[in-house]
Amino acid sequence: MSTEWDGVARPPVGVTCEYLLGGENEWMVVTVIAISERPGGQFTDYWLRNERGKNVVVGNPYRFRPIRNEAERRRESQVEAISQVLEYRDGCSAKPLAGWIIDAIAAGKIPGVKLEDS
């Protein structure tokens, strides 16, 4: 059974949470199985076990977050989709950007967001 963790400070042993592995873009669900903090607290190794049972040792204890609920995952998906619409339009004014977002919503490219006709 997983220990509860509110996302404040570092996760303790036993917590199931999400971790962003360096160089990756996706958070993975892990359980903290051990922590080794060296004197002075500057270097801390975390032993993690992912959902497939693979153990991972990481030295960056700052890429943890509590497991998100469905609404948080949905919002993250929407933000990602909108950011993709805007990615190659840096430097544009607000009106064209708004138009591209509306077009993406109308085309069904932003999950869970729909336009309503008046």
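A residue counts as buried when its relative accessible area is under 20%. Keep that cut-off in mind, because it comes back several times in this talk. Take Tyr46: its relative accessible area is 2%, so Tyr46 is buried. One caution before going on: what you see above is a predicted model.

I will start with the sheet. Five strands make it up, the sheet is open, and the order across it is 4-3-2-1-5, with antiparallel pairing. Which strands stand at the edges? Strand 4 and strand 5 do; each has a single partner strand, so one side of each has no neighbour in the sheet.

Now let us walk across the sheet in that order, beginning with strand 4, which covers residues 55-58. Strand 4 pairs with strand 3 over four bridges, in the antiparallel sense. If you want a place to look, find Arg49, which stands opposite Asn55 in strand 4. Strands 3 and 4 form a hairpin, with four residues between them. In that turn sits Gly53, with a positive phi of about 90°.

Next comes strand 3, residues 44-50. Is strand 3 largely enclosed or largely open? Five of its seven residues are buried, so strand 3 is largely enclosed by the rest of the structure. On its other pairing, strand 3 meets strand 2 over seven bridges, again antiparallel. One of the pairs to look for is Ser36 with its bridge partner in strand 3, Asp45.

Strand 2 runs over residues 27-37. Five bridges join strand 2 to strand 1, and the two run antiparallel. Two residue pairs can be picked out here: Tyr19 stands opposite Met28 in strand 2, and Leu20 has Trp27 in strand 2 as its bridge partner.

Strand 1 takes up residues 16-20, and strand 5 residues 64-65. How many bridges join strand 1 to strand 5? Two, and these strands also run antiparallel. Glu18 has Arg65 in strand 5 as its bridge partner. A general point about strands: when a strand is regular, its side chains alternate between the two faces of the sheet.

Next, the aromatic residues. The structure holds two aromatic pairs. The rings of Tyr19 and Phe64 have centres 4.8 Å apart and planes at 50°, so this pair is tilted. That pair links distant parts of the chain, since Tyr19 is in strand 1 and Phe64 is in strand 5, 45 residues apart. Are Tyr19 and Phe64 buried or exposed? Both Tyr19 and Phe64 are buried. For Phe64 the relative accessible area is 11%, which is why Phe64 counts as buried.

In the second pair, the rings of Tyr46 and Phe64 have centres 5.0 Å apart and planes at 45°, so this pair is tilted too. This pair also links distant parts of the chain: Tyr46 belongs to strand 3 and Phe64 to strand 5, with their positions 18 residues apart. Phe64 takes part in both pairs, and Tyr19, Tyr46 and Phe64 form one aromatic cluster.

On to the surface. Ile33, Trp47 and Val57 form a nonpolar patch there, with about 240 Å² of accessible area together. Ile33 is in strand 2. The relative accessible area of Ile33 is 31%, so Ile33 is partly exposed.

That leaves the helices. Helix 1 covers residues 70-86, and Arg73 is found in it. Arg73 has a relative accessibility of 34%, so Arg73 counts as partly exposed. The C-alpha atoms of Arg73 and Pro12 are 23 Å apart, and the two residues are 61 residues apart along the chain. Helix 2, residues 94-106, has 13 residues. From its first C-alpha to its last, helix 2 reaches 18 Å, close to the 18 Å expected at 1.5 Å a residue. After helix 2 comes Gly108, with a positive phi near 80°.

Last, a backbone detail. Most residues other than glycine have a negative phi. What is the phi of Ala9? Phi of Ala9 is near 65°, a positive value in a residue that is not glycine. Ala9 lies in the segment before strand 1. With a relative accessible area of 64%, Ala9 is exposed.

Definitions and conventions
Residues are numbered from 1 along each chain as its sequence is written. This is a predicted model: local features need pLDDT of at least 70, side-chain atom pairs count only at pLDDT 80 or more; totals for chains, interfaces and linings use all residues. Side-chain values use heavy atoms; hydrogens and water are left out. Patches are made of residues with over 30% relative accessible area and no salt bridge: like charges are joined within 9 Å, nonpolar side chains (Val, Leu, Ile, Met, Phe, Trp, Tyr) within 5 Å. Accessible areas come from the Shrake-Rupley method with a 1.4 Å probe; for residues, only the protein chains shown count as cover. A salt bridge is a side-chain nitrogen of Lys or Arg within 4 Å of a carboxyl oxygen of Asp or Glu. Buried means under 20% relative accessible area, exposed over 50%, partly exposed in between (1.4 Å probe, protein chains only). Rings of Phe, Tyr and Trp (its six-membered ring) pair if their centres lie within 6.5 Å; planes under 30 degrees apart count as stacked, over 60 as edge-to-face and the rest as tilted. Two strands pair if DSSP finds at least two bridges between them. The expected span of a helix is 1.5 Å times one less than its number of residues.
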